[in-house]
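This report describes the architecture of one protein chain, moving from a local strand pairing to the chain as a whole. The structure is shown first.

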Amino acid sequence: NGFLTLVSTDDQTASIARIEGTGAITGDVRFQRYVRSGRMYRYLSFPVQGVTVNDLQKHVPVTGDFDGTSTGEGLSNNPSLFQYEEPAGWLPYPTTDNDAELSMGRGYATFIRKTDDPTTITVAGEVHTGDFDFTSQLNAGSFEDNEGWSLVGNPYAAPIQWGATGWLRTGISPAISVRDNELGNGAGGFLYWDGVTGDPEFAGLIAQGQSFWVKAIDPGISPSLTVQETAKSTEQATMFRTSSEEVSTLTISLNQNGLIDRTFLVFNNQSDQRFNPQLDGVKRQNGYYNLSTRTADSVLVAIKNMPDTCSALIALSVQDTKPGTYTFEFSGSVFNTEREFVLQDTYLEASVRVSPSEHYTFQITEDPITFGHKRFQLMATVALPDPKISIENDELVSSVNQDIQWLLNGEEISEATAPTYTPLISGEYQVRVTKSSCSKTSPPFAYVITGTEPGQPAIRLYPNPAQHSVSVKGISKPTPYSILNPWGQVVQTGLLTADSEIELQAPSGLYIFSIEGEAGNQHYKLIIKK
């Protein structure tokens with residue numbers, strides 16, 4: 001009966017959790033939205049039915065060329081409430097009188113005049129429950145024309161989490177953004193989230209009464225967007241301020257006197273280095289300087305999904321700058337992986353290894369070559385160890401013990417992925433280490449089975465272990481021999497005669513003594529101890 005109020009304060013806002021099964025809410029609810037002090041535009045929406053401009057005017061002056069415009073000291077007829085429609089862009093609202101309704105699910109730019117005191121807006125009506133379809137409010141467009149932007153609003157009296165759960169979208173970019181006019185000392189900037197990565201202050205958690213930007217990306221498809229009750233979050237969301245779990249991304253931050261802009265790279269192998277409208281988030285221009293990633297086809301993006309390649313050269317764009325000192329900072333879970341990053345400054349001809357503890361400070365002047373699209377590049381590579389094979393107790397041992405595959409004569413050995421492998425036949429063995437889409441393979445290791453092979457006469461080596469020489473018994477005619485080290489490399493060759501004695505040239509270690517007989521090769525272990 002209108003006696004329930006969802007209270008909003010500077011650190012908490014009451015919410016209505018997910019409505020499950022046949023649950024329902026009837027009757028009007030008073031919805032509050034606390035707005036911090038500051039003379040600037042705020043981007044609001046209202047999750048109750050039947051809210052009018054007149055209702056908003058009880059808390060915020062709304063001026064413009066319509067009947068019922070707010071009046072008072074310091075107020076003019078300049079419009080202070082807008083909605084966004086393409087191709088015109090920002091349109092004053094209302095156009096007739098203050099009985100005009102504020103549509104649920106639509107975002108509005110509302111000018112808040114209070115400089116020192118906060119504002120608490122209270123509106124009453126029936127709260128929305130169940131699915132909400134934004135489709136009728138979406139603007140169609142294409143990336144090429146930079147069209148298709150829509151300012152929509154959270155339709156629930158609860159925070160909602162942008163991502164896969166609880167959202168149905170067609171022809172809509174996965175990256176959304178919110179405008180925060182407190183950024184840049186009031187100049188205003190954008191925060192991003194694509195369901196996986198983005199600005200941690202935002203992290204895709206859309207507060208009650210908050211509006212946000214979405215973008216249509218395919219001119220051949222009518223965009224559609226629906227949110228469901230399952231998108232409601234149990235997290236407490238204040239305007240643009242929350243936290244996020246670490247994701248497998250690289251965050252690149254550009255800092256000037258505490259003012260930060262960011263761009264994000266996701267190494268997920270879902271895209272190449274060109275712009276992918278289905279995955280990547282287009283950069284929107286801040287009211288201060290802009291940092292973005294420049295794709296291979298020259299599109300400026302805030303979020304870029306990267307191919308999982310061994311190496312990639314990524315262009316960074318720094319625009320709309322003022323002369324001064326700037327600092328690059330880097331963070332993200334990619335530093336816990338095999339990837340390495342080097343920042344290249346073509347203006348200073350400098351290269352710096354990137355890490356969370358390494359910052360790169362530089363100067364920007366009026367000279368265009370100190371900023372723009374060409375000064376900075378980021379080289380991303382996958383660092384792999386060089387695998388080697390040794391032999392211990394009749395087993396082949398890999399110098400790398402993870403992400404490996406054994407090969408015999410160039411072919412993979414089924415299920416042979418452990419750090420050691422017991423060879424069953426003679427041949428050339430290799431071990432390959434693979435991380436991401438990159439791999440390195442060891443040199444061939446020629447392994448020969450110790451002992452006399454069937455149908456061949458017995459040969460005897462003595463002493464074994466040997467020190468400086470070894471005698472060979474059982475040779476009846478001149479026979480070539482080779483001595484191989486554990487890596488399959490030939491270290492000594494010669495010709496055997498009856499009852500030969502060989503002076504050993506190799507240092508101490510385990511070797512394979514190979515004889516080339518008429519019936520095939522014979523292979524024996526030989527231990528040298530000097």
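In this predicted model, strand 37 and strand 40 run antiparallel to one another and are joined by four bridges. Within that pairing, Val470 has Ile502 of strand 40 as its bridge partner. The two strands belong to an open sheet of three strands, ordered 36-37-40, in which the pairing is antiparallel. Strand 36 and strand 40 (500-503) are the edge strands, each pairing on one side only. Averaged over this sheet, and with direction ignored, neighbouring strands are turned by 25° against each other.

The loop between strand 36 (460-462) and strand 37 (469-473) contains Pro463. The peptide bond leading from Tyr462 to Pro463 is cis, with omega near -10°.

**A second open sheet**

Another open sheet of three strands has the order 1-2-7, and here the pairing is mixed. Its edge strands are strand 1 (4-6) and strand 7, each with pairing on one side only. The average turn between neighbouring strands of this sheet is 20°, direction ignored.

The mixed character can be followed pair by pair. Strand 1 and strand 2 pair in the parallel sense over three bridges, and Leu4 stands opposite Val29 in strand 2. Strand 2 (residues 29-35) and strand 7, by contrast, pair in the antiparallel sense over seven bridges. In strand 7, Ala124 is the residue opposite Arg30. In general, the strands of a sheet pair through backbone hydrogen bonds, in either a parallel or an antiparallel manner.

Strand 7 (residues 119-125) has two distinct faces: Thr119, Ile121, Val123 and Gly125 form the covered face, whereas Thr120, Thr122 and Ala124 form the uncovered one. Ala124, the residue opposite Arg30, therefore belongs to the uncovered face.

**Backbone exceptions**

Most residues other than glycine have a negative phi, and most peptide bonds are trans. Against that background, the following backbone angles deserve attention.

| Site | Backbone feature | Angle |
|---|---|---|
| Tyr93 to Pro94 | cis peptide bond | omega about 0° |
| Tyr462 to Pro463 | cis peptide bond | omega near -10° |
| Ala203 | positive phi, not a glycine | phi about 55° |
| Glu349 | positive phi, not a glycine | phi near 55° |

Pro94 is located in the loop between strand 5 (89-92) and strand 6 (108-112). Ala203 occupies the loop between strand 13 (189-193) and strand 14 (205-206), and Glu349 occupies the loop between strand 24 (339-345) and strand 25 (350-354).

Are these two residues with positive phi buried or exposed? Ala203 has a relative accessibility of 5% and so counts as buried, the cut-off being under 20%. Glu349 has a relative accessible area of 74% and is therefore exposed.

**Nonpolar cores**

The largest nonpolar core comprises 53 residues, and the residues with the most contacts inside it are Phe328 and Leu378. Strand 22 (residues 311-319) supplies the largest share of this core, namely four residues. With neighbours within four places in sequence left aside, the contacts of Leu378 include Leu250, Ile252, Leu265, Ala312, Leu313 and Ile314. Phe330, Phe341, Val342, Leu343 and Val354 are also among the residues that Leu378 contacts.

Apart from this core lies another, of 24 residues, among them Phe31, Val60, Val62 and Leu102.

**The chain as a whole**

The protein chain contains one helix and 42 strands. Its radius of gyration is 35 Å, well over the 24 Å that the globule rule gives for 530 residues, so the chain is more spread out than a compact globule. Along the principal axes, its C-alpha atoms fill a box of roughly 120 × 65 × 45 Å.

Of the 530 residues, 51% are buried. Among contacts between residues at least 6 apart in sequence, 69% join residues at least 24 apart.

**Confidence**

The mean pLDDT of the protein chain is 89, with 94% of its residues reaching 70 or more. Residues 238-247 have a pLDDT below 50, and in the model this stretch makes 35 contacts beyond near neighbours in sequence.

Conventions:
Residues numbered from 1 in each chain as written. Predicted model: local features only at pLDDT ≥ 70, side-chain atom pairs only at ≥ 80, totals over all residues. Heavy atoms only, no water. Buried < 20%, exposed > 50% of the residue type's maximum accessible area, 1.4 Å probe, protein only. Pairing = 2+ DSSP bridges. Axes fitted to C-alpha atoms, helices over the stretch in contact; angles between N-to-C directions. pLDDT = per-residue confidence, 0-100. Contact = heavy atoms within 4.5 Å. Core = buried A, V, L, I, M, F, W, Y, C linked by side-chain atoms within 4.5 Å. Rg over C-alpha atoms; globule rule 2.2 N^0.38 Å.
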